[in-house]
Amino acid sequence: MPRELNFDLVRGRMPVRYRMPVLKRVLGIVAHSLISGYCIFVLFFVIRNTSPFLMKFVPLLVLFVSLDALFKHFTTLNSVIFTPECLWFRYLLLPSVPIEYDRISSMELRKVITYYMFLEFTDRRGKTRVLKSPASFPKMLEIMYNIADLAPQARLNDELDKMVGVIRRVKERQGQDGQ
C-alpha cells in the first residue's frame, strides 16, 4: 500500500507556524559563538611575532568561516506563519516580512546552486518585491502548496504547477478513499 501524503491545508485552522527546529538553531549559534571566541583568544593571547605563518593564518580562516555561519544563523528564515490576514516570513535579526495573500503575483521553485522558492509580491507601498527563501526550510513543499491554495491568482512556474496539481489529485484520492 502506498504511503499517505501528509500535507495539511492551513485554510480554516489559522494561525499555523512552520519553524526551524529551535534546538538546531540554538546549538548552531552557541557552537559558532564559542568557536569565534576561541579564535579571537588564540589570535590575541597565543600567537606571537615569532609564530609560523600557518599558525597565524589558520585561526583567521576558521574565524571567518565561523562568523559567516553565525551571520547566516541570524539572517536566514526562522519561521513562516500563516494568519487569516497575511503570510509572515520571520527572521531572527532581519525585520519580519508580512505578505497579504491577494498581493502575491507569482511563486517559483528554481535551482540556483541549491533550490530556492522565489515569491514575487507587491508590498504595502505598491513596490514589487521578490522574497528568496531556501527550499531546505522544513516542510517547504507543504508551505508552497498552502501558498498556492491561499493565493490562487499567483502564477506558478511549470514544475511547481505540476507539483501542486499532483498533490491536489493525491489529496482528493486520499479523501475519497477515507470516506
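In this predicted model, strands β6 and β7 form a hairpin with 5 residues between them, and Gly126, which lies in the turn, has a positive phi of about 85°. The two strands of the hairpin run antiparallel and are joined by 7 bridges, with β7 covering residues 128-134; within this pairing, Phe121 has Arg129 of β7 as its bridge partner.

A further set of strands makes up an open sheet, in which 4 strands follow the order β1-β2-β3-β4 with antiparallel pairing. Strands β1 and β4 are the edges of this sheet, each of them pairing on one side only, and neighbouring strands are turned by 15° against each other on average, direction ignored. Inside the sheet, β2 and β3 pair in the antiparallel sense over 5 bridges, and Ile81 has Trp88 of β3 as its bridge partner.

The two strand pairs for which bridges are described can be set side by side.

| Pair | Sense | Bridges |
|---|---|---|
| β6 and β7 | antiparallel | 7 bridges |
| β2 and β3 | antiparallel | 5 bridges |

Strands and helices also come together in the largest nonpolar core, which has 34 residues, and of these Val80, Phe82, Phe89, Leu119 and Ile147 touch the most other members. The elements that give two or more residues to this core include the strands β2 (77-82), β3 (86-91) and β6 (114-122), as well as the helices α3 (140-150) and α4 (158-178). Helix α3 gives the most to this core, with 7 residues. Leaving aside residues up to four places away in sequence, Ile147 touches Phe82, Leu87, Ile104, Met107, Met117 and Leu119.

Notes. Residues are numbered from 1 along each chain as its sequence is written. This is a predicted model: local features need pLDDT of at least 70, side-chain atom pairs count only at pLDDT 80 or more; totals for chains, interfaces and linings use all residues. Side-chain values use heavy atoms; hydrogens and water are left out. A nonpolar core is a set of buried Ala, Val, Leu, Ile, Met, Phe, Trp, Tyr and Cys residues joined through side-chain atoms within 4.5 Å. Buried means under 20% relative accessible area, exposed over 50%, partly exposed in between (1.4 Å probe, protein chains only). Contact means heavy atoms within 4.5 Å. Two strands pair if DSSP finds at least two bridges between them. Axes are lines fitted to C-alpha atoms, for helices over the stretch in contact, and angles run from 0 to 180 degrees between N-to-C directions.
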